[in-house]
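This report introduces the reader to one protein structure. It proceeds from the overall fold to individual helices and then to charged side chains.

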Amino acid sequence: MSQSIPPPGSQASMQPTSKPKRPLSGYNLFFKKERKRFLLSRGCDPEPRLAPGGKRRHARAHGEIKFTDLVRMMAQKWKNLDDTKKAVFNQQAAVGKRKWEKDVARWKEEEKTRVNLEAEEANKQSKEDSEIFYCSRTVPLASATQISDAIAASEKLLGNNNPDGQCKNS
């Protein structure tokens, strides 16, 4: 099934694509099963048909029922379902959630390792860049006495030898 790209700046667009998807809830599992059963009883194909180009069609492929009506019908069935049957779906959801929690923990460790490796690589590159910069300097740093001697020599050449340090007016 193809996935649409979320709009920039939305919460979904900020999630890494490698992060495991959340599992379905008990109600979602029930809805999925009952939708399939409902559409098969009407002689419809419950799988979404793809339009040319491999994209999912927006219009309902079966033409039997609006989605809002389907949701109302399934919600009423879920509400009237006895607790033992609900427990089956909720157990399936709990199993999916435990698996997802393990997958997320593994993903976080992998992500931490990846980020650390990227940081080490960036630090290594930064260090190499700074070594190149410092090695390319040809002028050594001067001491304070060397600087004051250079200023005095330039003042002598320019003719500014006033003791108060002010320039002469012409």
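Among contacts in the protein between residues at least 6 apart in sequence, what percentage join residues at least 24 apart? The share is 60%. This value, like the others below, is computed from a predicted model.

## Overall architecture

The protein contains four helices and zero strands, and its pattern along the sequence is α-α-α-α. It has 170 residues, of which 14% count as buried. Its accessible surface amounts to about 14400 Å², and carbon and sulfur atoms account for 55% of that area.

## Helices α2 and α4

Helix α2 covers residues 67-80, a run of 14 residues. From its first C-alpha to its last it reaches 20 Å, close to the 20 Å expected at 1.5 Å a residue. Three residues of α2, namely L70, M74 and W78, are buried. Seen down the axis of α2, the buried residues fall within an arc of 70°, so they line one face of the helix. An α-helix has 3.6 residues a turn, so residues three or four places apart point the same way. The face of α2 turned away from the buried side carries R72, K79 and N80, which are exposed.

Helix α4 comprises residues 144-158, 15 residues in all. The expected span at 1.5 Å a residue is 21 Å, and the end C-alpha atoms of α4 are 21 Å apart, in agreement with it. Just after α4, G159 adopts a positive phi of about 85°.

## A buried lysine in helix α3

Helix α3 runs over residues 83-135 and includes K86. K86 is buried but has no salt bridge. Which side chain of opposite charge is nearest to K86? That side chain is D83, 4.9 Å away; a salt bridge requires a nitrogen-to-oxygen distance within 4 Å. Leaving aside residues up to four places away in sequence, K86 touches W78, K79 and L81. Of these contacts, W78 is one of the buried residues of α2, whereas K79 is among the exposed residues on the face of α2 turned away from its buried side.

## Salt bridges

Side chains of opposite charge can pair when their charged atoms come close. The count for this protein comes to seven salt bridges, and the table lists three, including their closest N and O distances.

| Salt bridge | Closest N and O atoms |
|---|---|
| E34 and R37 | 3.3 Å |
| K99 and D103 | 2.9 Å |
| D103 and R106 | 3.2 Å |

E34 and R37 both belong to helix α1 (residues 26-41); they are three residues apart, and therefore separated by about one helical turn. E34 is buried, with a relative accessible area of 10%, while R37 counts as partly exposed at 47% relative accessibility.

In helix α3, D103 takes part in a salt bridge with K99 and in another with R106. K99 and D103 are four residues apart, about one turn of the helix, and D103 and R106 are three residues apart, also about one turn. How exposed is each of these partners? At 52% relative accessibility K99 counts as exposed, D103 counts as buried at 19%, and R106 counts as partly exposed at 48%. Elsewhere, salt bridges that share partners join E34, R37 and K77 into one network.

Note on methods:
Residues are numbered from 1 along each chain as its sequence is written. This is a predicted model: local features need pLDDT of at least 70, side-chain atom pairs count only at pLDDT 80 or more; totals for chains, interfaces and linings use all residues. Side-chain values use heavy atoms; hydrogens and water are left out. Helices (H or I, at least four residues) and strands (E, at least two) are DSSP runs, numbered from the N terminus. The expected span of a helix is 1.5 Å times one less than its number of residues. Buried means under 20% relative accessible area, exposed over 50%, partly exposed in between (1.4 Å probe, protein chains only). The arc is that of the directions from the helix axis to the C-beta atoms. Contact means heavy atoms within 4.5 Å. Accessible areas come from the Shrake-Rupley method with a 1.4 Å probe; for residues, only the protein chains shown count as cover. Lys and Arg count as positive and Asp and Glu as negative; His and the chain ends are not counted.
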